[in-house]
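Please look at the sequence and the fold shown here, and then follow the explanation step by step, from the whole chain down to single elements.

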Amino acid sequence: MFIEDLTHKLKFSSPFKQREHGDVKYLVFHHTGTSSRASVESIHMAHLDRGWSGIGYHYCISRDGTVYKVRPVLSVPACVKGYNRASVCVAWIGDYEKNKLPEEMAEAGLELARVLLARFPKAEVTWHAKLNDTVCPGKHGIDVVKWIIREVMGSG
Ligand SMILES: [Zn+2]
C-alpha cells in the first residue's frame, strides 16, 4: 500500500523517545475527534498546543483512505495513557462516535493493520477505549476495528 511519509515535514518540539521493536505489544486504533476534513498539520498544531512534542499518533488515515505516516514507528507515541511504550497508534481523522466511516477509510485501516502486523506479528489489534476511559475511536470506529480483527485473524 502507498503510505505518504510526513515524518520529515512535521516539526516536533523535542527529540523522539525511542523504543525497541520488542516493546510493541498493541496496535491501537483511534479517531481524532476532529472534523473529518482536518489536516494532519492542524492536528499536529493542536497536539503541540497541549504541550506535547507534536502529533501523538504514528499514522493518520484521511476520509479518502490516504494513509499518512506522521512519526517514526519506533518512537514512543503520546496516544494511550500508561501504554505508550507498548503501542503503535493509528488514527482515523474525524469523529466516529457520530458518523460512519467511509468504506475507503475502513479498508485503509485493514491494509495498514496487515502491513504493521507483518512487522510486529505478536502485536494485538485493539482500540483506545479498551485501554483508557474514552469513547475513542467512537462506536462506529470500534465496529470497524472489530471487523479488522476478524479479517486479520481469518487470514492467519
Ligand atoms: Zn484515542
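The radius of gyration used here is taken over C-alpha atoms, and the rule for a globule is 2.2 Å times the number of residues to the power 0.38. With 156 residues, a compact globule would have a radius of gyration near 15 Å, and the chain, at 14 Å, agrees with this. The model is a predicted one, in which local features need pLDDT of at least 70 and side-chain atom pairs count only at pLDDT 80 or more, while totals for chains, interfaces and linings use all residues. Residues are numbered from 1 along each chain as its sequence is written.

The C-alpha atoms fill a box of roughly 40 × 35 × 35 Å, taken along the principal axes. Of the 156 residues, 35% are buried, where buried means that 20 or more other C-beta atoms lie within 10 Å of the residue's own, exposed means 12 or fewer, and partly exposed lies in between, with C-beta atoms placed from the backbone.

Helices (H or I, at least four residues) and strands (E, at least two) are DSSP runs, numbered from the N terminus. The chain has 4 helices and 6 strands, and along the sequence they follow the pattern β-β-α-β-β-β-α-β-α-α.

How are the strands ordered in the sheet? The open sheet of 6 strands has the order E1-E4-E3-E5-E2-E6, with mixed pairing, two strands being paired if DSSP finds at least two bridges between them. Strand E1 (3-5) and strand E6 (124-127) stand at the edges, each with a single partner strand, so one side of each is left without a neighbour in the sheet. From one strand to the next, the twist averages 25°, where axes are lines fitted to C-alpha atoms, for helices over the stretch in contact, and angles run from 0 to 180 degrees between N-to-C directions. E1 and E4 pair in the parallel sense over 3 bridges, and Glu 4 stands opposite Tyr 68 in E4.

Helix H2 (residues 103-119) packs on this sheet, touching strands E2, E3, E4, E5 and E6, where contact means that the C-beta atoms of two residues, placed from the backbone, lie within 7 Å. The direction of H2 makes about 165° with that of E5. Helix H4 (residues 138-154) lies across E2, E5 and E6, and runs at about 170° to E6.

In helix H1 (residues 40-49), the buried residues are Val 40, Ile 43, His 44 and His 47. Seen down the axis of H1, these residues fall within an arc of 105°, so they line one face of the helix; the arc is that of the directions from the helix axis to the C-beta atoms. What covers them includes strand E3 (59-61) and strand E4 (67-69).
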